[in-house]
Amino acid sequence: LLLPILLISMLASGQFGWLWGVVNTVFLVIVLVPVIGVIALNLWVKFSVVHGECPNCSSKVMLPKSGQSQSVCFACGTPLFVENGKISRAGMYNTQSDAKTGKAVVVDVVDVDAIDVDSREAK
């Protein structure tokens, strides 16, 4: 019975102010650090990731804005990269490096009609 009376009197006189400060600090760290972390992560994603659709299958994709790296569509496997803030299709035959900037750019592909040649006519 003496211990509770002693603790209550010490609490009322302000002797446990340091304990109150420690508990508040721990509580604020536990609550505020995750909230600030989530806000910072959302801002980073907003400013450093391009959201768009795959030009081949129209599924949603996200690529880094850096433009130096290529990625792959998870739905269809098409190689993709960012060009002028938009997602473009990248491939071995329609992508080349720009001489001035060093970034990958899409070049036009020439469509060719194949002619079937019979080997008997060639003799």
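Helices (H or I, at least four residues) and strands (E, at least two) are DSSP runs, numbered here from the N terminus. By this definition, the chain holds two helices and seven strands. Read from the N terminus, the order of elements is α-α-β-β-β-β-β-β-β. The structure is a predicted model, in which local features need pLDDT of at least 70 and side-chain atom pairs count only at pLDDT 80 or more, while totals for chains, interfaces and linings use all residues. Residues are numbered from 1 along each chain as its sequence is written, and side-chain values use heavy atoms, with hydrogens and water left out.

A good place to begin is the confidence of the model. The predictor's confidence in each residue is given as pLDDT, on a scale from 0 to 100. The mean pLDDT of the chain is 81, and 80% of the residues reach 70 or more. Helix α2 (residues 17-48) has the highest confidence, at a mean of 91, whereas strand β7 (residues 104-106) has the lowest, at 62. Where pLDDT is low, the predicted coordinates should not be read in detail.

Next come some totals for the chain. Residues are called buried under 20% relative accessible area, exposed over 50% and partly exposed in between (1.4 Å probe, protein chains only). Of the 123 residues, 15% count as buried. By the Shrake-Rupley method with a 1.4 Å probe, where for residues only the protein chains shown count as cover, the chain exposes about 10300 Å², and carbon and sulfur atoms supply 65% of that area. Contact means heavy atoms within 4.5 Å. Among contacts between residues at least 6 apart in sequence, 18% join residues at least 24 apart.

Helix α1 (residues 2-13) opens the series of elements. It has twelve residues and reaches 17 Å from its first C-alpha to its last, close to the expected 16 Å; the expected span is 1.5 Å times one less than the number of residues. Helix α1 is hardly covered, with a count of zero buried residues among its twelve. After α1 comes G14, with a positive phi near 90°.

The strands bring pairing into the picture. Two strands pair if DSSP finds at least two bridges between them. Strand β1 (residues 49-53) and β2 pair in the antiparallel sense over five bridges. Within this pair, V50 has L63 as its bridge partner in β2, and V49 has P64. The two strands form a hairpin with six residues between them. Along β2 the side chains alternate: V61 and L63 point to one face and are buried, while K60, M62 and P64 point to the other face and are not.

A second group of strands forms an open sheet of three, in the order β3-β4-β5 with antiparallel pairing. Its edge strands are β3 (71-72) and β5 (86-89), each of which pairs on one side only. Between β3 and β4 there are two bridges, and V72 has P79 as its bridge partner in β4. Six residues separate these strands in their hairpin, where G77 takes a positive phi near 85°. Strand β4 (residues 79-83) pairs with β5 over four bridges, with V82 opposite I87 in β5.

Where do the buried nonpolar residues gather? A nonpolar core is a set of buried Ala, Val, Leu, Ile, Met, Phe, Trp, Tyr and Cys residues joined through side-chain atoms within 4.5 Å. The largest such core has eight residues: V50, C54, V61, L63, C73, L80, V82 and I87. Strands β2 (60-64) and β4 each supply at least two residues of this core. Leaving aside neighbours within four places in sequence, C73 is in contact with C54, C57, S59, V61, T78 and L80.

Two turns deserve a closer look. Most residues other than glycine have a negative phi, and most peptide bonds are trans. S58 has a positive phi of about 65° although it is not a glycine. This residue lies in the loop between β1 and β2 and is partly exposed, with a relative accessible area of 47%. N84, also not a glycine, has a positive phi near 55°. Its place is in the loop between β4 and β5, whose hairpin has two residues between the strands. At 75% relative accessibility, N84 counts as exposed.
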